[in-house]
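Student: I would like to take a close look at a single part of this model, with the reasoning spelled out as we go.

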Amino acid sequence: MTKRIHFIGGGQMSEAIIRAVLTNNTVNKSDITVSDVIAERNSYLSETYGVTTSELQSAMLSAADIIVIGVRPQDDLETISKAINTHSTVDAVVVSIVAGVTLKKFEALLGEGRPIVRVIPNTLTDTGLGYSGVALNHLANQEQVDFFLRGFGKVMYVDEQLIDSFTGFGVAGPNYVYYFIESLADAGVLAGFSRKQAWDIVLENVAGAVEMLQTSGKYPRQLLDINNSAGGVGIHALHELNSSDFAAGLQRAVLAAVQRTTALGDE
Ligand SMILES: NC(=O)c1ccc[n+]([C@@H]2O[C@H](COP(=O)([O-])OP(=O)(O)OC[C@H]3O[C@@H](n4cnc5c(N)ncnc54)[C@H](OP(=O)(O)O)[C@@H]3O)[C@@H](O)[C@H]2O)c1
């Protein structure tokens, strides 16, 4: 049976999700409706993706099986919740991608009699890779939303207490990798390669290293032992990295991102 998905808020993240679920044929465009407060945004989404949009959403809410709240934490969640409660059926599942707003807060806004799912979407939606972090309230279950969530990446169900960590570690994860790749490409330029040569080598090595870890089933330490011969090139490079703040700096960065996520949620 096809499910109808309604998006409240048609911003960057809602658009990325819509693009991915349409590309992956997870949902038909005729089953997607969007209501943004900005008329131009609605026109853009309907023209670009063929989905139905309108600033007036009562009929869309009534028809929806899944309602995605895709607005900013500072937006008027109270009015949005009233609209949901007024127009939608009680078994429609509310999926929130609003950063920092807890299931408890949504239960206070929507009442406790409705399935609510809190999702921290990953930012790799166009690749099909990357985990979204998902927490369910007591009335929600995986079967209600799994097909939809898998339309924009992989899905990891976690206790809500891990959601901030998921944001700072998992969803912010590509940023650490981008920064590592940039730093390593700079090292190649420093060592005499053109930017293009350095870039090609780094991308191939990063993709190959991930492939190697996945296909061999070995841990990085085991592959490092294989690659680093006694007194050789690799162990000299590792010694230099060990003398720097590399690992601890990265770990502090992740913890700072987790703490900042929590602080934003408390504001
Ligand atoms: N972008 C990302 O990579 C990313 C990743 C993970 C999670 N998130 C989370 O996803 C949420 C949305 O982020 P975003 O980047 O997509 O934000 P965004 O581009 O600002 O989109 C939000 C949209 O919703 C509209 N809106 C506000 N109140 C509304 C209402 N009552 N009814 C209908 N539409 C309304 C906004 O209009 P106005 O501009 O006029 O307010 C805006 O067009 C945030 O909580 C964010 O933290 C984003």
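Student: Which backbone N or O atom lies 3.1 Å from an oxygen atom of the ligand? Please go on from there to what surrounds the ligand, and then turn to helix 8.

Tutor: Bearing in mind that this is a predicted model, the backbone atom you ask about belongs to Val71, and it lies 3.1 Å from an oxygen atom of the ligand. Arg72 also takes part, with a polar side-chain atom 2.9 Å from an oxygen atom of the ligand, while a polar backbone atom of Val37 is 3.3 Å from a ligand nitrogen atom. Of the 890 Å² of accessible area that the ligand has on its own, the protein covers 74%. The ligand is surrounded by 20 residues, of which the closest are Gln12, Met13, Asp36, Arg72 and Ala99.

Turning to helix 8, which runs over residues 173-190, its 18 residues at 1.5 Å a residue should span 26 Å, and the end C-alpha atoms are indeed 26 Å apart, so the expected and computed spans agree. The buried residues of helix 8 are Gly173, Pro174, Tyr176, Ile181, Ala185 and Gly188. Because these residues cover an arc of only 165° around the axis, they sit on the same side of helix 8. They pack against helix 7 (163-171), helix 9 (195-216) and helix 12 (246-266), whereas Tyr179 and Leu190, on the other side of helix 8, are exposed. After helix 8 comes Gly192, which has a positive phi, near 115°.

Technical notes. Residues numbered from 1 in each chain as written. Predicted model: local features only at pLDDT ≥ 70, side-chain atom pairs only at ≥ 80, totals over all residues. Heavy atoms only, no water. Helix = DSSP H or I, 4+ residues; strand = E, 2+ residues; numbered from the N terminus. Expected span 1.5 Å × (residues − 1). Buried < 20%, exposed > 50% of the residue type's maximum accessible area, 1.4 Å probe, protein only. Arc of directions from axis to C-beta. Contact = heavy atoms within 4.5 Å. Near = heavy atom within 4 Å. Polar contact = N/O pair within 3.5 Å; in protein donor to acceptor, adjacent residues only side chain to side chain. Areas by Shrake-Rupley, 256 points an atom, 1.4 Å probe, with all protein chains shown as cover.
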